[in-house]
Amino acid sequence: MDDAILQWVCSVATAFRQSAHLLLDQQYKLLLDTWSLGEIQEAFSLILEIEQHTNFHVLHPNHRQHSAIPHLQFIYDRLQKIFGLRLWAKVGQSLPQNETISLRCFRNLQALELLHIPVTSLKALQTLRPTLRSVIIVKGLTRLSDLFIRCGGDKAGEFAWEQLQEAVLAHNSLYSLDHSLSLLPNLKILDLSHCELEDASALEYLPTVSLLDLSHNQLRLLPRLSPTATYSLIVLIANNNLFSHISGLHEMNNIEELDLRDNVLSLKEALSPIGALPHIRVLKISGNPITWDLNYRSQIIRQLNPATANHKVVFDDVPLTGQEYDEVGMHAVPAGSSYSPELLSSLSSLSSLCSPVNPISPAHGLISQPLYSPEEADLIQLDPVDSQPASLVNDSAPVSLKNSGNGQPRRKSKKKRTRHIAITDPDNEDMDN
């Protein structure tokens with residue numbers, strides 16, 4: 001290996017030592033670009049023989065006296081123990097076809113984030129299935145089965161992801177879903193926003209979910225969920241789609257937050273299923289044709305479940321007034337009711353005549369907080385945080401759940417703090433000198 005690279009590896013070890021306490025902190029992720037990871041692993045392969053099926057490594061006799069060996073041992077030890085990793089492709093350094101990225105040295109990962117890296121290029125992902133709790137993939141996935149069944153380039157088989165609680169898969173060209181969702185028995189958060197989805201019927205395979213984000217897709221039908229997922233769902237984000245009706249919503253009667261903005265809901269009858277939601281606390285429907293009626297707010301409030309008069313409700317970012325609370329439930333449909341066949345047929349025909357009022361407007365307010373906007377997803381590798389080959393970021397989950405007063409999980413956001421490790425590309429150092 002080139003001496004300049006070995007010197008760079010030594011500088012990585014020095015930076016790791018300076019931030020050793022953070023590397024083992026579950027609140028932090030190690031940020032690496034694919035070039036840096038490749039160079040580190042090449043150093044491992046040349047100086048260390050890493051046994052594939054054990055935690056032992058054996059040094060080559062020729063390299064026992066090499067000054068880089070202690071540094072490599074330290075890096076290898078730390079990479080095996082870190083909890084979070086964000087891996088990204090540097091500007092102009094997209095992976096060549098058929099090139100792979102090995103995650104073999106990461107044995108304890110609980111959070112993995114990939115930015116502009118094809119899932120199919122990963123190796124040793126299947127070894128992380130027992131430990132991963134959070135997966136974030138931006139612009140690197142075309143089929144769910146490539147992740148949850150085949151585990152990228154491992155070409156593995158079906159095996160449950162027992163620990164996985166969060167899957168943020170926004171900004172991927174998925175178009176449709178598949179039965180691999182059945183392998184996520186403990187999932188709480190699923191973000192499928194900006195995925196060009198036209199069919200989400202495979203969500204019926206999902207065993208459970210508390211927060212489901214389907215925003216900014218091309219869906220016309222609200223997907224049906226499994227009985228257990230229907231019961232566990234608390235937050236549904238479905239803005240910027242093509243919904244002309246919400247048939248099936250009445251079954252999701254534990255929903256507390258519902259975002260239906262910027263769809264094609266045209267008739268007040270289309271929202272009648274909200275009358276079966278006694279726990280609703282946040283409701284958003286702005287941007288639908290129904291809101292063109294100046295009295296739409298009163299009409300919708302009268303369709304709310306009578307039980308919602310017993311707690312605070314925010315409707316289109318405005319809390320209900322005392323007078324509006326008096327109107328709650330006046331025209332609510334009985335719990336468990338849905339549309340008549342005639343009404344459903346009429347509402348469905350509207351979707352072919354209408355288009356979203358603002359199909360690409362960003363989400364605002366309490367509910368929808370996408371991980372990255374479309375522009376950010378395209379330019380994510382230009383972010384100052386990601387401009388370093390390796391750094392640490394305090395990166396709590398973009399969306400997390402806490403218990404509310406009634407014992408149900410509620411959603412909250414966490415702030416992000418960043419700390420960098422000063423590591424530079426040796427090629428850039430030469431240019432600077």
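This is a short tutorial dialogue about reading a predicted protein model.

Visitor: Where should I begin? How many helices and strands does the protein chain have?

Guide: Welcome! The protein chain has 11 helices and 20 strands. Of its 433 residues, 54% are buried.

Visitor: What share of the contacts with a separation of 6 or more comes from residues 24 or more positions apart?

Guide: Such residues account for 62% of those contacts in the protein chain.

Visitor: And the surface: how much does the protein chain expose?

Guide: About 19,000 Å² is exposed, and carbon and sulfur atoms supply 50% of that area.

Visitor: How do I read a single helix, such as helix 4?

Guide: Start with the general idea. An α-helix has 3.6 residues a turn, so residues three or four places apart point the same way. Now the case here: helix 4 covers residues 69-81, and its 13 residues reach 19 Å from the first C-alpha to the last, close to the expected 18 Å.

Visitor: Which residues in helix 4 are buried?

Guide: Among them are Ile69, Leu72, Ile75, Tyr76 and Leu79. Arg78 and Gln80 are buried in helix 4 too.

Visitor: Let me try one residue. Where is Gln299 found?

Guide: Look in helix 7, which spans residues 296-301.

Visitor: Why is Gln299 called partly exposed?

Guide: A residue counts as buried under 20% and exposed over 50%, with partly exposed in between. Gln299 is partly exposed because its relative accessible area is 24%.

Visitor: Which residues is Gln299 in contact with, leaving aside neighbours within four places in sequence?

Guide: Those are Lys268 and Asp293. Lys268 is 31 residues from Gln299 along the chain, yet their C-alpha atoms are separated by 7.1 Å. With Asp293, Gln299 makes a side-chain to side-chain polar contact at 3.4 Å.

Notes. Residues numbered from 1 in each chain as written. Predicted model: local features only at pLDDT ≥ 70, side-chain atom pairs only at ≥ 80, totals over all residues. Heavy atoms only, no water. Helix = DSSP H or I, 4+ residues; strand = E, 2+ residues; numbered from the N terminus. Buried < 20%, exposed > 50% of the residue type's maximum accessible area, 1.4 Å probe, protein only. Contact = heavy atoms within 4.5 Å. Polar contact = N/O pair within 3.5 Å; in protein donor to acceptor, adjacent residues only side chain to side chain. Expected span 1.5 Å × (residues − 1). Areas by Shrake-Rupley, 256 points an atom, 1.4 Å probe, with all protein chains shown as cover.
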